Amino acid sequence: MTAPLDLLDLDSSLTEEERQIRDVVRQLLDDRVRPHVAEWYEDGRVPARELAREFGKLGLLGMHLTGYGCAGASAVAYGLACQELEAADSGVRSLVSVQGSLAMFAIWRYGSAEQKQHWLPSMATGEAIGCFGLTEPDHGSDPASMTTRARRDGDDWVLTGGKMWITNAPIADVAVIWARTDEGVRGFLVPMDTPGVTAREIRRKMSLRASVTGEIVLDDVRLPADAQLPEAIGLKAPLSCLTEARYGIVWGAIGAARDCLETTLAYATTRTQFGRPLAGFQLTQAKLADMAVELVKGQLLALHLGRLADAHQLRPEQVSVGKLNNVREALAIARQCRTILGANGVSGEYPVLRHANNLESVLTYEGTSEIHQLIVGQRLTGLSAFA
Ligand SMILES: Cc1cc2nc3c(=O)[nH]c(=O)nc-3n(C[C@H](O)[C@H](O)[C@H](O)COP(=O)(O)OP(=O)(O)OC[C@H]3O[C@@H](n4cnc5c(N)ncnc54)[C@H](O)[C@@H]3O)c2cc1C
């Protein structure tokens, strides 16, 4: 975090290596993303393949995984990278999260040796793009009700159904598809050029516009027996992938909030009304102070969860605490910053409303706020209130 916003001097809690990784990622984003991202957002188009290769060169794809060309970085280092990525744009961070924490993690954790060898090295370099299909048109928060089916036909599997709101789907080489079988939920690696697979881009999003989102239709898709992820048994497999991705969001959302606040601080100290800078009014300072306090609290929370993850002690409901708090507060910060920018707050010349709009998606995906409240509520009460 830059000096005035680092109220608690959290920078000093990072190791030299962690700071270096953060700074290298920030530089890449300054060079390759920041100058263009407003235009990508406005056009609803992003050069995702090109970006993936750049991120791959830097070791950002699957960076917290080991082997197969992955960087084997710590959870904190990965979190810091997510923070920088989302300070540029939540859609750009989503590209990296879905590739590394959802698609690659699923293969790395649940795949066979052959599946890992086949996919992970090219996904780590960004040559191959992956996506993760859990949500369906009629089943979002409740994936246990999924209707996509995989049935045996001799040694083969035949998949039928559809997945909705799938990040990267229209540009992906492979999809991790979760489907119901006679033995329960299982995961499958589906090359996107398999006959019967179609991916349609979802256009007209008002949020996460610098990210490619699509629908996948599976029409009697025949796959060999070895397309199944052998270690993925039941719904807990995709849920464990979500925990990985949610952890990145805990950090990422705070990056978006930081960018809003940095922008707003700069604006409020230079914009003059009634003969003094906006930042000189008590009402503005109250807003800035409250936001800065929430920002550092969110950062402390992310860092604490990161240290727990590196000690292999992080539990899913702790990640829910982080996702619930940090996305909710980041969105509140983005909206409050927008007020300080006045009319300029709605302009694409400033990143603030873009971040706020993006955070609306971040609030919904990877478990909505309500779902995380229910996870935390269950931990507190011992009672499941999901259904
Ligand atoms: C831009 C974008 C990208 C995405 N990328 C992916 C992806 O790559 N892969 C993927 O699989 N999915 C992806 N998603 C889908 C996302 O995970 C789902 O949208 C999310 O899980 C919510 O599901 P839903 O939209 O069907 O909402 P619903 O489940 O229909 O929920 C609607 C509302 O009802 C509330 N609700 C639901 N159940 C309860 C309950 N028991 N108690 C109280 N309130 C409840 C929810 O909190 C929400 O407020 C993406 C979504 C977006 C917007």
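**Entry 1: the ligand**

I started with Glu370, where an N or O atom of the side chain is 2.7 Å from an oxygen atom of the ligand. This is a predicted model, and I kept that in mind throughout. Next I looked up Ser141, and found a polar atom of its side chain 2.6 Å from a ligand oxygen. Trp165 takes part through its backbone: a polar atom there lies 2.7 Å from a nitrogen atom of the ligand. Then I asked how many residues surround the ligand. The count is 17, and the closest are Thr135, Ser141, Trp165, Thr368 and Glu370.

**Entry 2: Ser94 and Leu208**

I moved on to Ser94, which sits in helix α5, residues 90–110. Is Ser94 buried or exposed? Its relative accessibility is 1%, so I noted Ser94 as buried. Setting aside residues up to four places away in sequence, I listed what Ser94 touches: Thr167, Leu208, Ser211 and Tyr365.

Leu208 from that list deserved a look of its own. I placed Leu208 in the loop that runs between β6 (197–201) and β7 (213–223). Its phi is positive, about 50 degrees, though Leu208 is not a glycine. I wrote a reminder beside that value: most residues other than glycine have a negative phi. Leu208 has a relative accessible area of 4%, under the 20% cut-off, and therefore counts as buried.

**Entry 3: Phe274 and its partner**

Phe274 was my other stop for a positive phi, again about 50 degrees in a residue that is not a glycine. I found Phe274 in the loop between β8 (272–273) and β9 (276–277). Its relative accessible area is 80%, over the 50% cut-off, so Phe274 is exposed.

I then turned to ring pairs and noted 5 aromatic pairs in the structure. One of them joins Phe274 to Phe281, with 6.4 Å between the ring centres and 85 degrees between the planes. Why is this pair edge-to-face? The planes stand 85 degrees apart, and anything over 60 counts as edge-to-face. Phe281 is partly exposed, at 22% relative accessibility, whereas Phe274 is exposed.

**Entry 4: α4 against α8**

Which angle do helix α4 and helix α8 make where they pack? I read about 145 degrees, with the axes 8 Å apart; α4 covers residues 75–88 and α8 covers residues 282–310. On the α4 side, the residues in contact are Ala75, Val76 and Gln83. On the α8 side they are Gln299, Leu303, Gly306, Arg307, Ala309 and Asp310. Sorted by type, the residues of this contact come to 4 nonpolar, 3 polar and 2 charged.

**Entry 5: back to α5, then α6**

I returned to helix α5 for Ser97. Ser97 is buried, with a relative accessibility of 4%. Apart from neighbours within four places in sequence, Ser97 is in contact with Tyr78 and Leu102. I also checked a separation: Ser97 and Glu127 are 30 residues apart in sequence, and their C-alpha atoms are 16 Å apart.

Glu127 came up again when I looked at Ser122, which is in helix α6, residues 113–125. Without its neighbours within four places in sequence, Ser122 is in contact with Glu127 and Ala128. Is Ser122 buried or partly exposed? I have Ser122 down as partly exposed, because its relative accessible area is 24% and the cut-off for buried is under 20%. Its C-alpha atom lies 21 Å from that of Thr213, which is 91 residues away along the chain.

**Entry 6: Gly133**

My last stop was Gly133, in strand β1, residues 130–133. With a relative accessible area of 0%, Gly133 is buried. Which residues is Gly133 in contact with, leaving aside those within four places in sequence? I listed Lys163, Ile166, Val176, Ile177 and Trp178. For a distance along the chain I took Ala87, which is 46 residues from Gly133, and found 26 Å between the two C-alpha atoms.

Terms used:
Residues numbered from 1 in each chain as written. Predicted model: local features only at pLDDT ≥ 70, side-chain atom pairs only at ≥ 80, totals over all residues. Heavy atoms only, no water. Phe/Tyr/Trp six-rings, centres within 6.5 Å; stacked < 30°, edge-to-face > 60°. Buried < 20%, exposed > 50% of the residue type's maximum accessible area, 1.4 Å probe, protein only. Axes fitted to C-alpha atoms, helices over the stretch in contact; angles between N-to-C directions. Helix = DSSP H or I, 4+ residues; strand = E, 2+ residues; numbered from the N terminus. Contact = heavy atoms within 4.5 Å. Nonpolar A, V, L, I, M, F, W, Y, C, P; charged D, E, K, R; others polar. Near = heavy atom within 4 Å. Polar contact = N/O pair within 3.5 Å; in protein donor to acceptor, adjacent residues only side chain to side chain.
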